[in-house]
Amino acid sequence: MTISRRTILRAGTAGLAAGLFAPLMPRRSWAATTLSLGSARIDTLSDGNLVLPMSFVTDHEGAGAVMAEFGLSGDAVEPPCNVTLLRDGTNTVLFDVGSGHDFMPTAGKLAEAMDALGVTAQEITHVVFTHAHPDHLWGLLDEFDEPIFADATFMIGKAEWDYWMDPATVDTIGTERQSFAVGAQRRLSVLEDRIVTFGDGEEIIPGVAARATFGHTPGHMAYEIRNGSDACMVLGDCIGNHHLAFARPDWMSGSDQDPDMGIATRVKLLDQLAAEQMRIVGFHLPDGGLGRVERAGDAYRFVAEGA
């Protein structure tokens, strides 16, 4: 079967779980890059990887030539999925929860990564969502539709919550993404009586501030973790890969729900991160996702930590 953007968007839980990607084995990379911010520690945990058509990145006619510069070719990409874990001595915080058991068999490996690091679900005090796409949200529930991180406080930007919980979203998001809306509403509704929402700029946990990075989804948030003068930004998908998003940030991304807003957000954020040399964790960036943004002529490049 040919993997297409429409296939990914419309397959939903049943189609993917039925074995659409069964021949593809996950890359067992528990990543775990580690960063210390004062007394706090940040680890990245591998949830596995996705297998996506190139059109999910962009359908720009020049994409092939740019991808070749990164040693990539073909009609599909396999982005890693990096879940961020913050431990500050008081709080143990997960940023996103991965794909869970029913999105793609190459992903949904967070529990194994946590086991490898010696962290249990019961230790998680907070779960903070960047946005509600399947690879970030669907790991919320177990096979019995119960929250896996049962003792945690769950947090999401108010604009993101309102969008996915709006009954009209399933009819306005477009037929290709309807399974995303149905899946998000089913999972988020479990949290309806215990969710904490917030706006841009709010300090949601001591040392963690929300940064509006709309475009990929209507309420997408990044998070700035700061300890004194040292800081790191957890990006989610506002910068969605290490190649075209950096080399051609002004090209539309097929995964952004509002491509024009996604471009504006990406360009502004890359400029800020390059100027400030703030470290970043990208959900779909290589080598565990931890690194920095550097200028490269009139564009940018991702430099992995330790490179």
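The accessible surface of this protein comes to about 12700 Å², and carbon and sulfur atoms account for 50% of that area. I should state at once that the model is predicted, and that every value I quote is computed from it. Of the 307 residues, 54% count as buried. The secondary structure consists of nine helices and 16 strands. If we take the contacts between residues at least 6 apart in sequence, 68% of them join residues at least 24 apart.

Let me turn to helix 3, which spans residues 110–117. Which of its residues are buried? They are L110, A113 and M114. These three cover an arc of only 100° around the axis, which puts them on the same side of the helix. The general background is that an α-helix has 3.6 residues a turn, so residues three or four places apart point the same way. On the other side of helix 3, the exposed residues are A111, D115 and A116.

What do the buried residues of helix 3 pack against? Their partners are three strands: strand 2 (40–49), strand 5 (80–87) and strand 6 (92–95). Just after the helix comes G118, with a positive phi of about 80°.

I now move to the aromatic residues. A search of the whole structure finds five aromatic pairs. One of them joins F103 and W138 in an edge-to-face arrangement, with 5.4 Å from centre to centre and 75° between the planes. Where do these two residues lie in the fold? F103 belongs to the loop between strand 6 and helix 3, while W138 belongs to the loop between helix 4 (134–137) and strand 8 (153–157), so the pair ties together parts that are 35 residues apart in sequence. Both F103 and W138 are buried.

A further edge-to-face pair is formed by Y163 and W164, at 5.0 Å centre to centre and 80° between the planes. Y163 and W164 are likewise buried. In addition, F95, F198 and Y223 form one aromatic cluster.

W138 deserves a second mention. The charged end of R187 sits over the ring of W138, 4.1 Å from the ring centre. The residue therefore has two partners to consider in this account: F103, through the edge-to-face pair, and R187, through its charged end.

To close, I would return to two points. Helix 3 has L110, A113 and M114 buried on one side, with A111, D115 and A116 exposed on the other. The loop that precedes helix 3 carries F103, whose pairing with W138 ties together parts 35 residues apart in sequence.

Terms used:
Residues numbered from 1 in each chain as written. Predicted model: local features only at pLDDT ≥ 70, side-chain atom pairs only at ≥ 80, totals over all residues. Heavy atoms only, no water. Buried < 20%, exposed > 50% of the residue type's maximum accessible area, 1.4 Å probe, protein only. Helix = DSSP H or I, 4+ residues; strand = E, 2+ residues; numbered from the N terminus. Arc of directions from axis to C-beta. Contact = heavy atoms within 4.5 Å. Areas by Shrake-Rupley, 256 points an atom, 1.4 Å probe, with all protein chains shown as cover. Phe/Tyr/Trp six-rings, centres within 6.5 Å; stacked < 30°, edge-to-face > 60°. Lys NZ or Arg CZ within 6 Å of the ring centre and 35° of its normal.
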